[in-house]
Amino acid sequence: MTILTDYVPISYAGNNVTNSFAITFDYQESSQIVANTEVVATGVITPLVYGTDFTITPTVNSPASFGTLTLLLGALPSGTNILITRVT
């Protein structure tokens, strides 16, 4: 199902402590969330894999609502951003 609400992709800066990040736009299924990391100094972007690199809570939102992305491999390092987007 297509979500009609507009959204703005999210970017958070790593701080060597935080591994959970608010998803502040509506989504209905975890498969709609795409996450990448970006090394600030080089601009290198690395795609993250759902279930391997991160999880989404809740995995299903009905109706569409907000959630949380949690990194499975620990805190996001300083000098790295996480970019969270939605595909519908």
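Strand β5 (residues 54–57) runs antiparallel to β6, the two being paired over four bridges, and this briefing starts from that pair before turning to the other strands, the nonpolar core and the largest pocket. The model is predicted, and every value below is computed from it. Two residues recur in what follows: T37, which stands opposite I82 in β7, and I82 itself, which counts as buried at 0% relative accessibility.

**Strands β2, β5 and β6**

- Strands β5 and β6 form a hairpin with two residues between them, and P58 is found in the loop that joins β5 to β6.
- The peptide bond leading from T57 into P58 is cis, its omega being near -10°.
- Strand β6 (residues 60–71) also pairs with strand β2 (residues 20–29), again in the antiparallel sense, over six bridges.
- T70 in β6 serves as bridge partner to S20 and also as bridge partner to T55.

**Strands β3, β4 and β7**

- Strands β3 and β7 are paired in the antiparallel sense over seven bridges, while β3 and strand β4 (residues 45–47) are paired in the antiparallel sense over three.
- T37 stands opposite T46 in β4 and opposite I82 in β7.
- The hairpin formed by β3 and β4 has five residues between the strands, and G43, in the turn, has a positive phi of about 80°.

**The largest nonpolar core**

- Which residues of the largest nonpolar core touch the most other members? Among its 15 residues, they are I23, I33, L69, L71, I82 and I84.
- At least two residues of this core come from each of β2, β3 (33–39), β5, β6 and β7 (80–86), and β2, with four residues, gives the most.
- I84, when neighbours within four places in sequence are left aside, is in contact with P9, I10, Y12, F21, I23, F25, I33, V34 and L69, so that I23, I33 and L69 appear among its contacts as well as in the list of core residues that touch the most other members.

**I82 and N81 in strand β7**

- I82 lies in strand β7 and is classed as buried because its relative accessibility, 0%, falls under the 20% cut-off.
- Beyond its neighbours within four places in sequence, I82 is in contact with I10, S11, Y12, F21, N36, T37, L48, L69, L71 and L76, a list that includes T37, the residue standing opposite I82.
- The C-alpha atoms of I82 and F54, which are 28 residues apart along the chain, are separated by 11 Å.
- N81, whose place is also in strand β7, is buried as well, because its relative accessible area of 17% is under the 20% cut-off.
- With neighbours within four places in sequence left aside, the contacts of N81 are S11, Y12, A13, G14, N36, T37, E38, V40 and L76.

**A13 and N16, two exposed positions**

- Is A13, in strand β1 (residues 10–13), buried or exposed? A13 is exposed, because its relative accessible area of 57% is over the 50% cut-off.
- Outside its neighbours within four places in sequence, A13 is in contact with L76, T80 and N81.
- The C-alpha atoms of A13 and T80 are separated by 6.1 Å, although the two residues are 67 residues apart along the chain.
- N16, in the loop between β1 and β2, has a positive phi of about 65° although it is not a glycine.
- N16 counts as exposed because its relative accessibility of 52% is over the 50% cut-off.

**The largest pocket**

- The largest pocket has a volume of about 170 Å³.
- Its lining is made up of T37, L48, D53, L71, L72, L73, G74, A75, L76, P77 and T80, and these residues divide into seven nonpolar, three polar and one charged.
- Several lining residues have been named above: T37, L48, L71 and L76 belong to the lining and are among the contacts of I82, while L76 and T80, also in the lining, are among the contacts of A13.
- L71 is a lining residue of this pocket and is also one of the core residues that touch the most other members.

Definitions and conventions
Residues are numbered from 1 along each chain as its sequence is written. This is a predicted model: local features need pLDDT of at least 70, side-chain atom pairs count only at pLDDT 80 or more; totals for chains, interfaces and linings use all residues. Side-chain values use heavy atoms; hydrogens and water are left out. Two strands pair if DSSP finds at least two bridges between them. On a 1 Å grid over the protein atoms alone, a cavity is a set of points where a 1.4 Å probe fits but cannot get out, and a pocket is an open set with protein on both sides within 12 Å along at least five of seven lines; lining residues have an atom within 4 Å of a point. Grid points are joined across faces, edges and corners, and a volume is the space filled by probe spheres set on the points. Ala, Val, Leu, Ile, Met, Phe, Trp, Tyr, Cys and Pro count as nonpolar, Asp, Glu, Lys and Arg as charged, and the others, Gly among them, as polar. A nonpolar core is a set of buried Ala, Val, Leu, Ile, Met, Phe, Trp, Tyr and Cys residues joined through side-chain atoms within 4.5 Å. Buried means under 20% relative accessible area, exposed over 50%, partly exposed in between (1.4 Å probe, protein chains only). Contact means heavy atoms within 4.5 Å.
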